Amino acid sequence: MTVLLVALGAAVGAPLRFLTDRIMQARFGAAFPWGTLAVNVTGSFVLGLVLGLPLAPGVVALLGTGFCGALTTYSTFSWEILTLSRRREILAATGYALLSITAGMGAAMIGGALGHMLS
């Protein structure tokens, strides 16, 4: 049953990641990976919230592992840093890495604190 919940969450998270990336590229262009930044920070916040709430293990598997796992993409994040570096856009690559990690950790902490406050 847990595997099914993870798959169901992933079935929602992965298309949402794809659509978010396309929308961000259409709005801001493809020179900087705004879509990946948006889904990673949002997913970090949602995961912090999910883990901060007293939820049943099945709901955590659905939302935390399935949805957030498919929504966020740190492999793409790494690839985009490498791509920026290969284009010799070192300042953008460094800024992207620092912003992603800092904002992701901050969002997770805020989500977790909000979850604890709501529980």
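# Worked exercises on a five-helix chain

**Exercise 1. Take residues 43–69: how far apart are the end C-alpha atoms, and how much of the span is helix?**

Solution. The two end C-alpha atoms of residues 43–69 sit 8 Å apart, with 85% of the span in helix and 0% in strand. Keep in mind that you're looking at a predicted model. Next, check the record: the unreviewed UniProt entry annotates residues 43–69 and 90–114 as "transmembrane region". Now do the other span. Residues 90–114 come out as 100% helix and 0% strand, with 35 Å between the end C-alpha atoms.

**Exercise 2. Find the span of H5 and say which residues of this helix are buried.**

Solution. Start with the length: H5 holds 29 residues and runs 41 Å from first C-alpha to last. At 1.5 Å a residue you'd expect 42 Å, so the value is close to that. Then pick out the residues under 20% relative accessible area. For H5 that gives Ala93, Tyr96, Ala97, Ser100, Gly104, Ala107, Gly111, Gly112 and Gly115. Finally, ask what covers them: helix H2 (34–52) and H4 are included in the cover.

**Exercise 3. Work out where Arg88 lies and what is notable about its phi.**

Solution. First, place the residue: Arg88 is in the loop between helix H4 (74–86) and helix H5 (90–118). Then read the backbone angle. Arg88 isn't a glycine, yet its phi is positive, at about 65°. For background, most residues other than glycine have a negative phi. Last step, accessibility: Arg88 counts as exposed because its relative accessibility is 75%, and the cut-off is over 50%.

**Exercise 4. Which residues make the nonpolar surface patch of about 320 Å²?**

Solution. The patch is built by Phe18, Leu19 and Ile23. Zoom in on Phe18, which belongs to helix H1 (residues 2–28). Is Phe18 exposed or partly exposed? Its relative accessibility is 47%, so Phe18 counts as partly exposed; that class runs between the 20% and 50% cut-offs.

**Exercise 5. Describe the whole chain: its helices, box, burial and surface.**

Solution. Begin with secondary structure: five helices, zero strands, giving α-α-α-α-α along the sequence. Next, the C-alpha atoms fill a box of roughly 45 × 30 × 25 Å along the principal axes. Of the 119 residues, 32% are buried. For the surface, about 7,000 Å² is exposed, and carbon and sulfur atoms supply 75% of that area. Then turn to contacts: among those between residues at least 6 apart in sequence, 73% link residues at least 24 apart.

Terms used
Residues numbered from 1 in each chain as written. Predicted model: local features only at pLDDT ≥ 70, side-chain atom pairs only at ≥ 80, totals over all residues. Heavy atoms only, no water. Patch = residues over 30% accessible without salt bridge, like charges linked within 9 Å, V, L, I, M, F, W, Y side chains within 5 Å. Areas by Shrake-Rupley, 256 points an atom, 1.4 Å probe, with all protein chains shown as cover. Salt bridge = Lys/Arg side-chain N within 4 Å of Asp/Glu carboxyl O. Helix = DSSP H or I, 4+ residues; strand = E, 2+ residues; numbered from the N terminus. Buried < 20%, exposed > 50% of the residue type's maximum accessible area, 1.4 Å probe, protein only. UniProt positions renumbered as here; feature names shortened; annotations may be inferred. Contact = heavy atoms within 4.5 Å.
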